[in-house]
Protein chains: 2
Amino acid sequence: MYLLVVYDVGDTTRLNKVHKFLKTYLHWRQNSVFEGEISRAQFNAIKTGLKEIIDETSDSIMIYRLPNKNYLSIDIIGIEKNPIEFIL
Amino acid sequence: MYLLVVYDVGDTTRLNKVHKFLKTYLHWRQNSVFEGEISRAQFNAIKTGLKEIIDETSDSIMIYRLPNKNYLSIDIIGIEKNPIEFIL
């Protein structure tokens with residue numbers, strides 16, 4: 001499956017933890033945006049891990065999930081902060 | 001088509017302009033994240049409008065585009081800042 005994760009975390013310590021955690025599974029694309037192809041097991045690990053890091057009463061993480069990347073087109077306006085071609 | 005727009009805009013004036021502009025086409029979901037169903041004409045208008053607002057040498061806007069919302073599943077961890085059910 002293909003994931004796109006965007007997060008809104010208020011506290012800097014938790015923010016850094018979320019960034020560091022997501023980096024182990026996905027590609028950083030932009031400020032508070034990660035994406036990448038993962039397995040079902042990794043998807044579950046991401047959800048569990050994020051729940052442990054964030055404050056569920058104030059932070060917000062949205063995980064957009066697609067069957068695969070084929071359905072997705074990406075347009076970038078302005079600069080591309082971290083082109084995915086360089087990572088894969 | 002279904003759009004998901006995430007932006008990383010450094011300057012507060014431009015940031016507010018981007019937010020205000022996107023609000024006329026899409027639903028605000030989270031800090032710097034908008035989404036919604038739009039037409040091809042609206043998609044072109046969004047791209048043109050954003051190019052006029054941002055500084056293309058420093059800001060970054062990513063537009064993720066899907067044929068429709070059917071392929072998309074959304075999981076939210078923590079709080080849901082602006083549930084789409086309340087807007088539609």
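Me: Helices are DSSP runs of at least four residues (H or I) and strands are runs of at least two (E), both numbered from the N terminus. What does the secondary structure of chain A come to?

Reply: The model is a predicted one. In chain A, the runs come to two helices and five strands. Along the sequence they follow the pattern β-α-β-β-α-β-β.

Me: How do you know whether the radius of gyration of chain A agrees with that of a compact globule?

Reply: The rule for a globule is 2.2 Å times the number of residues to the power 0.38. For 88 residues this gives a value near 12 Å, and chain A has 13 Å, so the two agree. Along the principal axes, the C-alpha atoms of chain A fill a box of roughly 35 × 30 × 20 Å. The accessible surface of this chain is about 4,300 Å², and carbon and sulfur atoms hold 48% of that area. Of its 88 residues, 48% count as buried. Among its contacts between residues at least 6 apart in sequence, 72% join residues at least 24 apart.

Me: Why does A:M62 count as buried?

Reply: A residue is called buried when its relative accessible area is under 20%. A:M62 has 2% relative accessibility, and therefore it counts as buried. This residue belongs to strand 4 (residues 60-66) of chain A.

Me: Which residues are in contact with A:M62, leaving aside its neighbours within four places in sequence?

Reply: Contact requires heavy atoms within 4.5 Å. From chain A, the partners of A:M62 are A:L4, A:V5 and A:V6; from chain B, they are B:R29, B:Q30, B:E35, B:I74, B:D75 and B:I76. As for A:A41, which is 21 residues away along the chain, its C-alpha atom is separated from that of A:M62 by 18 Å.

Me: What makes strand 1 and strand 3 of chain A a pair?

Reply: Two strands pair if there are at least two bridges between them. Strand 1 (residues 2-8) and strand 3 of chain A have five bridges and pair in the antiparallel sense. In this pairing, A:V6 stands opposite A:V33 of strand 3. Strand 2 of chain A is also antiparallel to strand 3, with three bridges between them. There the bridge partner of A:Q30 is A:V33.

Me: Why is strand 3 of chain A called mostly covered?

Reply: Four of the five residues of strand 3 in chain A are buried. The description of strand 3 in chain B rests on a matching count, four buried residues out of five.

Me: What is the phi of A:S32, and where does this residue lie?

Reply: Phi of A:S32 is near 65 degrees, a positive value in a residue other than glycine. A:S32 lies in the loop between strand 2 (27-30) and strand 3 (33-37) of chain A. The hairpin of these strands has two residues between them.

Me: Why does A:S32 count as buried?

Reply: The cut-off for buried is under 20%. A:S32 has 15% relative accessibility, so it counts as buried. For B:S32 the value is 15% as well, so that residue also counts as buried.

Me: How do you know that the two copies are related as by a two-fold rotation axis?

Reply: Chain B superposes on chain A by a rotation of 180 degrees with 0.0 Å of shift along its axis, and the RMSD is 0.0 Å. The two copies are thus related as by a two-fold rotation axis. The same surface serves both copies, for 100% of the contact residues of chain B recur in chain A. Of the residues of chain B, B:Y71 comes closest to the rotation axis, with its C-alpha at 3.8 Å.

Me: How many aromatic pairs does a search of the whole structure find?

Reply: Over all chains, the search finds five aromatic pairs. One of them is formed by B:Y7 and B:F34 and is stacked.

Me: What makes the pair of B:Y7 and B:F34 stacked?

Reply: Ring centres must lie within 6.5 Å for a pair, and planes under 30 degrees apart count as stacked. The rings of B:Y7 and B:F34 are 6.2 Å apart centre to centre, with 25 degrees between the planes, and the pair is stacked. B:Y7 lies in strand 1 and B:F34 in strand 3 of chain B, so the pair ties together parts that are 27 residues apart in sequence. Both B:Y7 and B:F34 are buried. Their two strands run antiparallel and are joined by five bridges. B:F34 is also the bridge partner of B:W28.

Methods
Residues are numbered from 1 along each chain as its sequence is written. Chains are lettered from A and ligands numbered from 1 in the order in which they are written. This is a predicted model: local features need pLDDT of at least 70, side-chain atom pairs count only at pLDDT 80 or more; totals for chains, interfaces and linings use all residues. Side-chain values use heavy atoms; hydrogens and water are left out. Buried means under 20% relative accessible area, exposed over 50%, partly exposed in between (1.4 Å probe, protein chains only). Copies are superposed by least squares on the C-alpha atoms of residues with pLDDT of at least 70 in both. Rings of Phe, Tyr and Trp (its six-membered ring) pair if their centres lie within 6.5 Å; planes under 30 degrees apart count as stacked, over 60 as edge-to-face and the rest as tilted. Accessible areas come from the Shrake-Rupley method with a 1.4 Å probe; for residues, only the protein chains shown count as cover.
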